[in-house]
Amino acid sequence: MDSFPAEEYSLPFFKEAGFVRKLCPRCGKYFWTQNPDQETCGEARPEGCASYTFINNPPTRKSYTLREMREAFLSFFEKRGHARIKPYPVVARWRDDIYLTHASIIDFQPYVTEGIAPPPANPLVIVQPCIRMVDIANTGPTFGKYLTIFEMGGHHAFNYPDKEVYWKDRTVRYHHEFVTKDLGVKSEEVTYKEEVWSGGGNAGPCVECIIRGLEVATLVFMQYKVVNNEFVKLPIRTVDTGYGIDRYAWLSQGVPSAFHTIYGSLLDEIFEMAGISKINNDLLVKVANVSGLVSLDKTVSRLEARKKIAEIVGAKTDKLDEFLLPIENVFAVADH
């Protein structure tokens with residue numbers, strides 16, 4: 001399924017807060033914004049919908065370390081009635097269909113989401129370390145938009161036929177309150193993009209939250225089980241949110257890459273060990289601003305992506321590759 005009906009996304013919050021629904025001419029997705037003049041969805045992606053505008057220009061009230069952002073997220077939801085749950089192992093030993101924990105909802109599939117076992121708390125909040133091997137190729141070139149190891153913040157609510165905890169509207173309100181009231185981002189800078197989510201055998205409509213080009217969270221409303229490529233309604237409707245704790249911290253610091261945010265002085269030590277001493281920071285920032293346009297896969301090679309970026313920043317492809325390759329290798333080494 002490419003999309004759900006428009007009413008799945010038309011929430012009271014959007015109407016109350018003055019959001020309008022628009023169609024992005026670049027990626028073809030619908031999005032909600034408080035800025036009627038906004039033309040695209042605002043996400044930095046290969047279709048060229050936008051670039052990052054938070055590098056050296058963070059939108060938050062202050063800068064957060066990764067640890068501070070983790071605690072800010074957990075505390076926000078704990079104060080709003082969510083029980084704080086300890087993270088599960090990164091090896092998903094309770095599952096026989098996957099090896100690694102690659103999202104916080106993995107902790108509760110399929111036993112809780114299908115009603116086989118009760119959740120440890122309802123609602124709950126967790127920050128889950130995740131390992132996602134599908135992002136290996138993009139780990140360095142995307143400057144930290146994609147990582148193989150990262151922290152996912154999840155606030156989850158399990159809605160039973162006889163007990164509704166909360167659903168779509170309050171989920172979006174929680175996110176908006178967290179980023180605007182707690183982190184200090186201006187309300188009009190937050191865009192919500194309509195998407196379809198599928199993973200771990202489940203599916204549902206979702207909205208992606210975008211701030212200054214960076215997708216920072218995905219709010220999933222899991223209500224289907226995927227059986228033979230068909231969507232079958234589940235009796236339990238699960239609020240499945242994924243907040244990129246690393247990305248929120250990166251957003252708040254405005255540094256060139258998420259690796260600078262996560263690894264700090266350790267990254268400097270790896271640069272030193274690799275013999276990389278003089279980095280043209282002006283060029284690095286220029287590339288960082290458009291790094292969200294990069295996505296390497298079987299159809300796009302490193303040099304093809306490099307040529308695209310070189311044209312944007314006004315550099316020669318071979319010179320840019322010579323400059324970036326060792327830096328990206330340092331990023332990947334830190335992550336791996």
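**Figure 1. Tyr248 and Phe178, two buried rings in an edge-to-face pair.** With a relative accessibility of 1%, Tyr248 counts as buried in this predicted model. Its partner Phe178 also counts as buried, again at 1% relative accessibility. A pair of aromatic rings is described by the distance of the centres and the angle of the planes. For Phe178 and Tyr248 those values are 5.9 Å centre to centre and 75 degrees between the planes, which makes the pair edge-to-face. The two rings come from distant parts of the chain: Phe178 belongs to helix α3, Tyr248 to helix α4 (residues 245-253), and 70 residues separate them. Zoom out a little and both turn up in a cluster linked by ring pairs, along with Phe73, Phe76, Phe77, Tyr166, Tyr174 and Tyr243. Across the whole structure there are 29 aromatic pairs.

**Figure 2. Phe73 and the largest nonpolar core.** This core takes in 99 residues. Phe73 is among those with the most contacts inside it, as are Val172, Phe178, Tyr192, Tyr243, Tyr248 and Leu320. Strand β8 gives the most to this core, with eight residues. So what does Phe73 touch, not counting residues up to four places away in sequence? Its contacts are Val125, Ile126, Val127, Gly153, Gly154, His155, Phe178, Tyr243 and Ile245. A second core of five residues is separate, and includes Cys24, Cys27, Cys41 and Cys49.

**Figure 3. The open sheet and the helices lying across it.** Nine strands make up this sheet, in the order β1-β2-β6-β7-β8-β9-β5-β4-β3, with mixed pairing. At the edges stand β1 (20-23) and β3 (83-84); each has a single partner strand, so one side of each is left without a neighbour in the sheet. Helix α2 (residues 66-78) lies across β3, β4 (124-131), β5 (149-159) and β9 (230-244), and runs at about 150 degrees to β4. Helix α3 (residues 168-182) lies across β5, β6, β7 (202-211), β8 (214-227) and β9, at about 165 degrees to β8.

**Figure 4. Strand β6 and its two antiparallel partners, β2 and β7.** β2 (residues 30-33) pairs with β6 (residues 190-199) in the antiparallel sense over two bridges. Here Phe31 stands opposite Lys193 in β6. β6 and β7 also run antiparallel, and ten bridges join them. Look for Tyr192 opposite Cys209 in β7. The β6 and β7 hairpin has two residues between the strands, and Gly200 takes a positive phi near 65 degrees there.

**Figure 5. Strand β7, paired with β8.** How many of the ten residues of β7 are buried? Ten of the ten are, so to speak of this strand as mostly covered is fair. β7 and β8 pair in the antiparallel sense over eight bridges, with Ala203 opposite Tyr224 in β8. In their hairpin, which has two residues between the strands, Arg212 takes a positive phi near 50 degrees.

**Figure 6. Glu8 reaches Lys168 in a buried salt bridge.** The two side chains meet at 2.4 Å, N to O. Glu8 sits in the segment before α1 (12-16) and Lys168 in helix α3, so their salt bridge ties together parts that are 160 residues apart in sequence. Are these two residues buried or exposed? Both are buried.

**Figure 7. A salt bridge within α3, Arg173 to Asp169.** The side chains of Arg173 and Asp169 meet at 2.5 Å, N to O. These residues are four apart in helix α3, so about one helical turn separates them. Arg173 is partly exposed, with a relative accessible area of 27%, whereas Asp169 is buried, at 18%.

**Figure 8. Asp321 and Arg302, a salt bridge between helices α9 and α8.** In this view the side chains meet at 2.9 Å, N to O. Asp321 lies in α9 (residues 317-335) and Arg302 in α8 (residues 302-313), so the pair ties together parts that are 19 residues apart in sequence. Asp321 is buried, with a relative accessible area of 12%; Arg302 is partly exposed, at 32%. Elsewhere, salt bridges that share partners join Glu43, Arg45, Glu47 and Lys193 into one network. The count of salt bridges comes to 19.

Methods:
Residues are numbered from 1 along each chain as its sequence is written. This is a predicted model: local features need pLDDT of at least 70, side-chain atom pairs count only at pLDDT 80 or more; totals for chains, interfaces and linings use all residues. Side-chain values use heavy atoms; hydrogens and water are left out. Two strands pair if DSSP finds at least two bridges between them. Contact means heavy atoms within 4.5 Å. Axes are lines fitted to C-alpha atoms, for helices over the stretch in contact, and angles run from 0 to 180 degrees between N-to-C directions. A nonpolar core is a set of buried Ala, Val, Leu, Ile, Met, Phe, Trp, Tyr and Cys residues joined through side-chain atoms within 4.5 Å. Buried means under 20% relative accessible area, exposed over 50%, partly exposed in between (1.4 Å probe, protein chains only). A salt bridge is a side-chain nitrogen of Lys or Arg within 4 Å of a carboxyl oxygen of Asp or Glu. Rings of Phe, Tyr and Trp (its six-membered ring) pair if their centres lie within 6.5 Å; planes under 30 degrees apart count as stacked, over 60 as edge-to-face and the rest as tilted.
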